[in-house]
Amino acid sequence: MKNEIILIDKPTGMSSFGVVARVRRILTEEENRRRLVVSQQTGQPYQRVKRVKVGHTGTLDPFATGLLILLTGENTKRAGEFLKLDKEYIATLRLGAISTTGDPEGEITELRQEELGGGLCPLESATGQQNRDIDQKTEQKIRKIPNKTTVENCVEKFVGENSQKVPEYSAVKINGERAYKLARAGKPLEMPTRKVMIYELEILDYVWPQLVLRVKVSSGTYIRALAEDIGKTLGVGAYLTALRRTEVGQWRVQDALPLEKWLQNRVET
């Protein structure tokens with residue numbers, strides 16, 4: 001049985017455990033075919049394996065895509081090494097709205113104009129003084145939308161060490177139960193806070209209401225929580241609409257295979 005490190009580019013709509021299950025099934029079939037051939041060659045009884053050991057090294061939510069590192073066989077004992085590695089993501093935020101889960105899987109609430117503003121980063125006019133013919137009511141409405149300079153100044157504040165509250169819809173255990181299960185049951189939760197490090201935070205694109213960021217962070221950082229914190233600081237609310245993991249330590253998504261391509265290659269070999 002091989003001890004592999006498998007790089008998968010996870011598709012959207014599938015859980016990390018779902019990816020593990022599909023890979024495990026293929027590897028188990030391979031191992032049983034190998035054992036059968038060896039048994040026929042040696043004349044020894046065929047000992048079938050129930051399943052090959054496969055584990056991931058850091059969960060990606062079903063809506064997220066990108067690098068998922070899988071370990072097989074004895075390598076599964078190294079999962080802790082990979083969990084501690086820094087990570088990089090491309091995160092797409094929807095400003096002007098909030099989600100109960102911080103991502104597109106929750107209940108979405110669009111914020112009204114009168115609910116925008118009031119964050120820690122003062123909102124500047126999206127038009128400045130370029131058009132002095134705008135009536136006062138329209139100008140007040142426009143000033144609810146942060147311009148790029150305001151967003152840049154706000155985002156810059158998050159680079160460095162941050163105290164981050166763990167999302168209620170997470171796999172963290174609270175009194176022995178997964179937080180997301182308690183949250184779905186409507187039970188009150190007191191979520192812990194963590195110290196995390198934001199190494200790099202770069203704006204790739206901003207056209208209201210969409211903000212695209214490249215984020216390099218320490219292990220244990222919740223990008224959903226970061227998105228919500230940015231929205232709160234701007235005073236406009238925010239949630240993640242897309243998330244792609246591009247790096248885990250030295251590993252790159254460019255070196256990974258899409259799940260279906262990996263499965264196809266293994267079946268053909």
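**Notebook: the α4/α6 contact and two cysteines**

I looked up which residues join helix α4 to helix α6 in this predicted model. Thr-150, Val-151 and Cys-154 in α4 meet Ile-230, Thr-233 and Leu-234 in α6. I sorted the residues of this contact by type and got 4 nonpolar, 2 polar and no charged.

Next I took the geometry of the pair. Helix α4 covers residues 148-156 and helix α6 covers residues 223-234. I find an angle of about 125° between them, and their axes lie 10 Å apart. α4 is therefore oblique to α6, since the angle falls neither in the 65 to 115 range for roughly perpendicular nor over 145, where roughly antiparallel begins. For the handedness, I note that α4 passes α6 in a right-handed crossing.

Cys-154 belongs to the α4 side of this contact, and I went on to its sulfur. How many disulfides does a search of the whole structure find? The search returns 0. I checked Cys-121 and found it in no disulfide; its nearest cysteine sulfur, that of Cys-154, is 3.4 Å away. I then checked Cys-154, which is likewise in no disulfide, with the sulfur of Cys-121 as its nearest cysteine sulfur at 3.4 Å. The pair does not count because a disulfide needs the sulfur atoms within 2.5 Å.

Last, I asked whether each cysteine is buried or exposed. Cys-121 has a relative accessible area of 3% and is buried. Cys-154 comes out at 0% relative accessibility and also counts as buried. The cut-off I used for buried is under 20%.

How values were computed
Residues are numbered from 1 along each chain as its sequence is written. This is a predicted model: local features need pLDDT of at least 70, side-chain atom pairs count only at pLDDT 80 or more; totals for chains, interfaces and linings use all residues. Side-chain values use heavy atoms; hydrogens and water are left out. Axes are lines fitted to C-alpha atoms, for helices over the stretch in contact, and angles run from 0 to 180 degrees between N-to-C directions. Helices (H or I, at least four residues) and strands (E, at least two) are DSSP runs, numbered from the N terminus. Angles under 35 degrees count as roughly parallel, over 145 as roughly antiparallel, 65 to 115 as roughly perpendicular and the rest as oblique. A crossing is left-handed if the near helix is turned anticlockwise from the far one by less than a right angle, and right-handed if clockwise. Contact means heavy atoms within 4.5 Å. Ala, Val, Leu, Ile, Met, Phe, Trp, Tyr, Cys and Pro count as nonpolar, Asp, Glu, Lys and Arg as charged, and the others, Gly among them, as polar. Buried means under 20% relative accessible area, exposed over 50%, partly exposed in between (1.4 Å probe, protein chains only).
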